[in-house]
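Hello,

I am handing over the structure we talked about, and it follows just below. Have a look at it first, then read my notes underneath.

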Amino acid sequence: MANPQRQFWDSAAKASAAFYVDTTVSYDNPDMDAFFATGHKIVDQALAPVAPAGHRLAVEIGSGLGRNCVALADHFDEVIGVDIAPEMIRQASELVSQENVKFVLTEGADLSAVADGSADFVLSFTVFQHIPDISVIEAYIAEAGRVLAPGGVFAFQWNNQSSELRWRVRRSVLATLQKIGLKKDPYRRNATQFLGTTVSVPRVCGSLTRAGLDMHKSDGEGTLFCWAWAAKPLS
């Protein structure tokens, strides 16, 4: 059965991969040097609050063109970026030359390429906000708990703008208006696969607890760019 998320993001990558990773860049002529430079800022923000115990392996969920993986490679011996879109994987493999970085295709809710307890850091940025099904986000949180070594850290961003019900209604209305042509967006940002969902902080905390992770810090509650930092206990 076709995966709607994979279809959307693969098509998006073929149209303008950098724009769909970061919609602040030009759709037709993105400045790729500036685009990759932002990866260092994102990774610095992700690493600052809670330092992982080790620096062997970092994993990025939704690696896109690899801008964050490039930055992570300055801090870790090995970096694995997973993405649902084959075209993102293809382009990232061409753009990123660091030998300690590799990209792997995921089915959209797993980190099956990463062994249990082998990662020191897991990162996800501007990915969970585009996933419509909260159970998929929770599956990724569970996977982060599985692959992290004791003392490892999971830093991730998600949409915490409103209630889950209100967001589902908004998403349904916008997707319908887009489909019938009353609120067209040439970049398809009203598509369900782009609008994703919002998740409450208590639900995220519950998912982290079930994954065996301890929430250490959150920031940006009530916004699109809500962050959480969770760690796997040392014992």
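**A bent helix and its surroundings**

Let me start with helix α1, which bends by about 105° at alanine 15. Please keep in mind that this is a predicted model.

The bend also shows up in the helix's span. A straight helix of 18 residues would span 26 Å at 1.5 Å a residue, but α1 (residues 4-21) spans only 17 Å between its end C-alpha atoms. At the N-terminal end of α1, asparagine 3 acts as a cap, with a side-chain oxygen 2.9 Å from the backbone nitrogen of glutamine 5. Most of α1 is covered, with 13 of its 18 residues buried.

Now for the inside of the protein. In soluble globular proteins, nonpolar side chains tend to be buried together. Here the largest nonpolar core has 44 residues, and Trp9, Leu72 and Phe121 are the ones that touch the most other members. Several elements give two or more residues to this core, among them α1, α2 (32-47), α3 (67-72) and β7 (226-231). Which element gives the most to this core? That is α1, with 9 residues. There is also a second, separate core of 32 residues, which includes Val122, Leu148, Val201 and Ala230.

Tryptophan 9 is a good residue to click on. Not counting residues up to four places away in sequence, tryptophan 9 touches Tyr20, Ile84, Ala85, His130, Gln193 and Phe194.

Helix α5 makes a useful comparison for the span check. Its 14 residues (134-147) should span 20 Å at 1.5 Å a residue, and its end C-alpha atoms are 20 Å apart, so the two values agree. Like α1, helix α5 is mostly covered: 10 of the 14 residues in α5 are buried. Among them are Ile134, Val136, Tyr140 and Val147, and also Glu138 and Glu143. What do the buried residues of α5 pack against? They pack against β1 (57-61), β4 (119-124), β5 (148-158), α6 (164-180) and α8 (201-210).

Finally, find glutamine 98 in the loop between α4 and β3. Is it buried or exposed? Glutamine 98 counts as partly exposed, because its relative accessibility is 29%, while buried means under 20% and exposed over 50%. Leaving aside neighbours within four places in sequence, glutamine 98 is in contact with Val70 and Ala73. Serine 26 is 72 residues from glutamine 98 in sequence, and their C-alpha atoms are 26 Å apart in space.

Enjoy exploring, and write back with any questions.

Best wishes

Methods: Residues numbered from 1 in each chain as written. Predicted model: local features only at pLDDT ≥ 70, side-chain atom pairs only at ≥ 80, totals over all residues. Heavy atoms only, no water. Helix = DSSP H or I, 4+ residues; strand = E, 2+ residues; numbered from the N terminus. Expected span 1.5 Å × (residues − 1). Buried < 20%, exposed > 50% of the residue type's maximum accessible area, 1.4 Å probe, protein only. Contact = heavy atoms within 4.5 Å. Bend = angle between axes of the 7 residues up to and from the residue. Polar contact = N/O pair within 3.5 Å; in protein donor to acceptor, adjacent residues only side chain to side chain. Core = buried A, V, L, I, M, F, W, Y, C linked by side-chain atoms within 4.5 Å.
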